2 protein chains.
Amino acid sequence: MRLLITAGPTREYLDDVRYLSNASSGRMGYAVAEAATALGWQVVLVSGPVEIPAPAGSEFHPVTTTADMRDACLKLFPGCDGVIATAAVCDYKPKERVAGKLSKTGGPITIEMIETDDVLAELGRLKGDRFVVGFALEAQNPRENALQKLRRKQCDWIVLNDPSAIGSDTNSVELIAEDGTTAAHWAGDKRDVARSLVDWVAANTGKS
Amino acid sequence: MRLLITAGPTREYLDDVRYLSNASSGRMGYAVAEAATALGWQVVLVSGPVEIPAPAGSEFHPVTTTADMRDACLKLFPGCDGVIATAAVCDYKPKERVAGKLSKTGGPITIEMIETDDVLAELGRLKGDRFVVGFALEAQNPRENALQKLRRKQCDWIVLNDPSAIGSDTNSVELIAEDGTTAAHWAGDKRDVARSLVDWVAANTGKS
């Protein structure tokens with residue numbers, strides 16, 4: 001088994017200093033990488049900027065923006081058997097990035113934001129016989145929105161987690177299947193959730 | 001000597017997940033805290049969200065937004081002899097913070113941003129006989145802009161560093177005095193720069 005994992009946040013820069021991001025720590029994805037490595041899998045980890053060290057034994061690809069993450073994933077996914085996409089990518093970016101540092105004007109400024117590339121949807125389109133496990137973080141109608149995301153992005157399963165998981169050491173998740181049923185529930189330290197998920201993938205994807 | 005230090009970035013949230021920030025790691029401010037503690041000073045550290053551990057021996061006040069940092073500083077500064085303000089605060093924030101998570105619309109979105117409170121300028125106005133050392137990070141006309149910042153914010157000295165210092169272990173800085181002269185130049189690991197700065201403050205502020 002050769003597994004692609006995305007992890008961490010991405011950043012979308014307004015200028016050379018300021019950026020839009022989120023508090024994703026990378027812990028969930030790095031824990032999945034460790035659990036998969038422990039099973040003897042080859043792990044290819046594409047990670048946004050985080051402060052935790054790269055997991056031992058992973059092929060590590062650091063990226064910054066969503067476009068960087070997309071480029072790395074499109075290059076690496078064909079050589080893998082599947083992907084577990086834990087990354088919390090920025091889905092909007094400033095339409096323009098200003099060189100240097102925007103000076104304060106004394107007044108309000110208006111920023112036009114456009115959608116970034118949808119990395120997970122592109123992997124879903126390209127998957128062939130590879131499996132795709134997405135992650136969803138939804139504040140409103142979480143289960144419905146997660147299932148819609150699964151279908152729109154052609155995931156095989158989607159892991160629904162709560163916004164409180166971001167930056168935390170623990171997580172409480174529901175694994176949702178294509179038919180909308182609950183495949184599993186796991187809660188606890190992200191390392192325990194990661195081990196359960198990897199064991200589940202090993203047992204249910206027919207990949208080894 | 002009782003020293004207030006600000007460190008790290010602040011975050012300004014668009015919704016419950018997405019925020020504007022910068023790559024400040026907190027390393028410069030935490031190194032100043034360690035150097036000051038090593039001299040036997042009492043250190044009061046107000047820090048934005050960073051991944052490095054709170055320095056031993058400091059009175060630690062974690063904050064998230066620029067408004068949080070302002071509130072903490074205005075409460076703590078009167079009990080201190082001076083401030084070294086290394087924090088890279090967000091100087092703009094979205095005019096409104098949306099509850100939950102903004103849904104993608106398929107099209108561009110426009111965000112109106114307003115200036116945050118100017119923490120350093122407020123400390124400058126309130127300083128009385130306390131000293132104020134600011135930090136400036138300027139991409140264009142760095143020396144001129146740093147000196148203007150010093151005067152506008154009533155700093156006694158300002159440390160000019162390069163945008164490349166953000167998130168780095170090293171720094172190369174110029175300490176600029178009120179009259180526009182160069183008080184010192186230091187370069188190297190942030191811990192070395194911090195020690196030089198603290199020794200300089202000890203020798204030049206008349207505080208002990």
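# Salt bridges, sheet and interface in a two-chain model

B:Glu174, with a relative accessibility of 10%, falls in the buried class (under 20% relative accessible area, against over 50% for exposed and partly exposed in between, with a 1.4 Å probe and protein chains only). The model is predicted, so local features need pLDDT of at least 70 and side-chain atom pairs count only at pLDDT 80 or more, while totals for chains, interfaces and linings use all residues. Residues are numbered from 1 along each chain as its sequence is written, chains are lettered from A and ligands numbered from 1 in the order in which they are written, and side-chain values use heavy atoms, without hydrogens and water.

## Salt bridges

B:Glu174 forms a salt bridge with B:Arg143, their closest N and O atoms lying 2.8 Å apart (a side-chain nitrogen of Lys or Arg within 4 Å of a carboxyl oxygen of Asp or Glu). This pair connects distant parts of the chain, since B:Arg143 sits in helix α4 (residues 142-152) of chain B and B:Glu174 in strand β11 of chain B, 31 residues apart; helices (H or I, at least four residues) and strands (E, at least two) are DSSP runs, numbered from the N terminus. A second pair within chain B joins B:Asp169 and B:Arg27, with 3.3 Å between the closest N and O atoms. Because B:Asp169 belongs to the loop between β10 (157-161) and β11 (170-177) of chain B and B:Arg27 to helix α1 (residues 27-38) of chain B, this salt bridge ties together parts that are 142 residues apart in sequence.

Over all chains the structure holds 29 salt bridges, and five are found across the interface of chain A and chain B. One salt bridge is formed by A:Lys104 and B:Glu115, at 4.0 Å from N to O; A:Lys104 lies in the loop between β7 and β8 of chain A and B:Glu115 in strand β8 of chain B, so the pair joins two chains. B:Asp91 and A:Arg18 also form a salt bridge, with the closest N and O atoms 2.9 Å apart, and these two residues are linked with A:Asp15 in a network of salt bridges.

| Residue | Relative accessibility | Class |
|---|---|---|
| B:Arg143 | 29% | partly exposed |
| B:Asp169 | 46% | partly exposed |
| B:Arg27 | 24% | partly exposed |
| B:Glu115 | 26% | partly exposed |
| A:Lys104 | 34% | partly exposed |

## Sheet and interface

Four strands, in the order β7(A)-β8(A)-β8(B)-β7(B), make up an open sheet with antiparallel pairing (two strands pair if DSSP finds at least two bridges between them). At its edges stand β7 (92-94) of chain A and β7 (92-94) of chain B, each of which pairs on one side only. The β8 strands, residues 109-115 in chain A and residues 109-115 in chain B, pair in the antiparallel sense over five bridges, and here A:Ile111 is opposite B:Ile111.

The contact (heavy atoms within 4.5 Å) involves 34 residues from chain A and 34 residues from chain B. About 3200 Å² is buried between the two chains, and carbon and sulfur atoms give 54% of this area (the accessible area, with a 1.4 Å probe, that two parts lose on being put together, summed over both).

## Cysteines

The count of disulfides (pairs of cysteine sulfur atoms within 2.5 Å) is zero over all chains. A:Cys90 is in no disulfide, and the nearest cysteine sulfur, that of B:Cys90, is 13 Å away; A:Cys90 is buried, at 5% relative accessibility. B:Cys73 is likewise in no disulfide, with the sulfur of B:Cys80 as its nearest cysteine sulfur at 9.1 Å, and B:Cys73 is buried at 0% relative accessibility.
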